[in-house]
Amino acid sequence: MNHDTYSDDYIRGILNGVKVIAMVGASPSDVRPSYFAFKYLVQRGYDMIPVNPGHVGKTLLGRPFVGSLRDIGRPLDMVDIFRSSAHIMPVVDEALTLSPPPKVIWMQLGARDDVAAAKAEAAGLKVVMNRCPKIEYGRLSSEISWMGVNSRTISAKRAPVPTQGMRLSLARTSLGGAATSASDRAAKNRNEPS
């Protein structure tokens with residue numbers, strides 16, 4: 001697999017096909033990127049598990065931290081690695097010892113380990129490197145365009161105004177984070193006859 005570029009279908013297939021995600025390197029600090037990514041994915045309906053041995057005994061959005069992937073005790077669909085490239089191989093090695101192994105290894109922005117990726121792929125796992133599932137979800141669902149960001153999705157149709165519980169193109173229900181009184185008023189005004 002060419003890990004310099006991924007097709008939208010490959011990323012979309014992963015995001016639609018996983019439900020339980022362990023985020024290795026999750027942080028309870030609400031100024032860290034891992035916190036924002038974790039919260040966003042929870043709000044999109046994913047069953048998120050925070051993994052960080054330094055925070056065992058704490059919770060992240062009501063979910064208890066675990067010290068390692070082995071401590072989870074239930075099957076995972078995806079391992080999202082929020083660690084530097086130097087720490088990826090041990091996480092992949094641990095993921096491959098799980099029974100059953102996860103379906104996907106995802107390395108966050110700035111993280112890449114081609115040897116670890118080849119090892120995971122040889123074991124039948126899908127791999128994504130140097131990408132963020134939060135950003136990819138927002139881009140592929142066109143949700144990111146609500147904030148004025150170019151999602152690289154060409155359409156003559158304007159994206160709908162976000163509302164609570166709105167179904168996105170990734171076939172997941174948005175559980176929160178998008179509804180505000182201003183967006184609700186805009187949606188209501190758009191649907192009323194002039």
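Here, a residue counts as buried under 20% relative accessible area, as exposed over 50%, and as partly exposed in between. That scale is used in the close-ups below, all taken from a predicted model.

**View 1. R74 reaches from a loop to a sheet strand, D47 being its salt-bridge partner.**
The closest N and O atoms of R74 and D47 are 2.7 Å apart. R74 sits in the loop between β4 (63-64) and β5 (78-81), while D47 belongs to strand β2, so this pair ties together parts that are 27 residues apart in sequence. With a relative accessibility of 39%, R74 falls between the two cut-offs, so it counts as partly exposed. D47 comes out at 25%, which makes it partly exposed too.

**View 2. Five strands line up in an open sheet.**
Reading across, the order is β2-β1-β5-β6-β7, and the pairing is parallel. Who stands at the edges? That would be β2 (47-51) and β7 (126-128); each has a single partner strand, so one side of each goes without a neighbour in the sheet. From one strand to the next, the twist averages 15 degrees.

**View 3. V24 has bridge partners in β2 and in β5.**
Strand β1 (residues 20-24) pairs with β2 in the parallel sense, with five bridges between them. Here V51 of β2 is the bridge partner of V24. β1 also runs parallel to β5, and four bridges join these two. In β5, the partner of V24 is I81. Helix α2 (residues 33-43) lies across β1 and β2, and it runs at about 155 degrees to β2.

**View 4. Strand β5 has buried side chains pointing both ways.**
In a regular strand, side chains alternate between the two faces of the sheet. In β5, M78 and D80 point one way, V79 and I81 point the other way, and all are buried. β5 also pairs in the parallel sense with strand β6 (residues 104-107), over four bridges. Opposite I81 in β6 stands M107. Put helix α3 into the picture and you get a right-handed β-α-β unit made of β5, α3 and β6.

**View 5. R139 and D8 join two helices through a salt bridge.**
Side chains of opposite charge can pair when their charged atoms come close. For R139 and D8, the N to O distance is 2.9 Å. R139 lies in helix α5 (residues 133-140) and D8 in helix α1 (residues 8-17), so the contact ties together parts that are 131 residues apart in sequence. Buried or exposed: which is R139? At 7% relative accessibility, R139 is buried, whereas D8, at 33%, is partly exposed. The pair also belongs to a network of salt bridges that links D8, R131, E136 and R139.

**View 6. D93 and K119 meet in a salt bridge between helices α3 and α4.**
Their N to O distance is 2.5 Å. D93 sits in helix α3 (residues 88-97) and K119 in helix α4 (residues 114-122), so to speak a link between distant parts of the chain, 26 residues apart. Both ends are partly exposed: D93 has a relative accessibility of 29%, and K119 has 39%. The pair is one of 10 salt bridges found in a search of the whole structure.

Technical notes
Residues numbered from 1 in each chain as written. Predicted model: local features only at pLDDT ≥ 70, side-chain atom pairs only at ≥ 80, totals over all residues. Heavy atoms only, no water. Pairing = 2+ DSSP bridges. Axes fitted to C-alpha atoms, helices over the stretch in contact; angles between N-to-C directions. Contact = heavy atoms within 4.5 Å. Salt bridge = Lys/Arg side-chain N within 4 Å of Asp/Glu carboxyl O. Buried < 20%, exposed > 50% of the residue type's maximum accessible area, 1.4 Å probe, protein only. Right-handed = clockwise from strand over helix to strand, strands pointing away.
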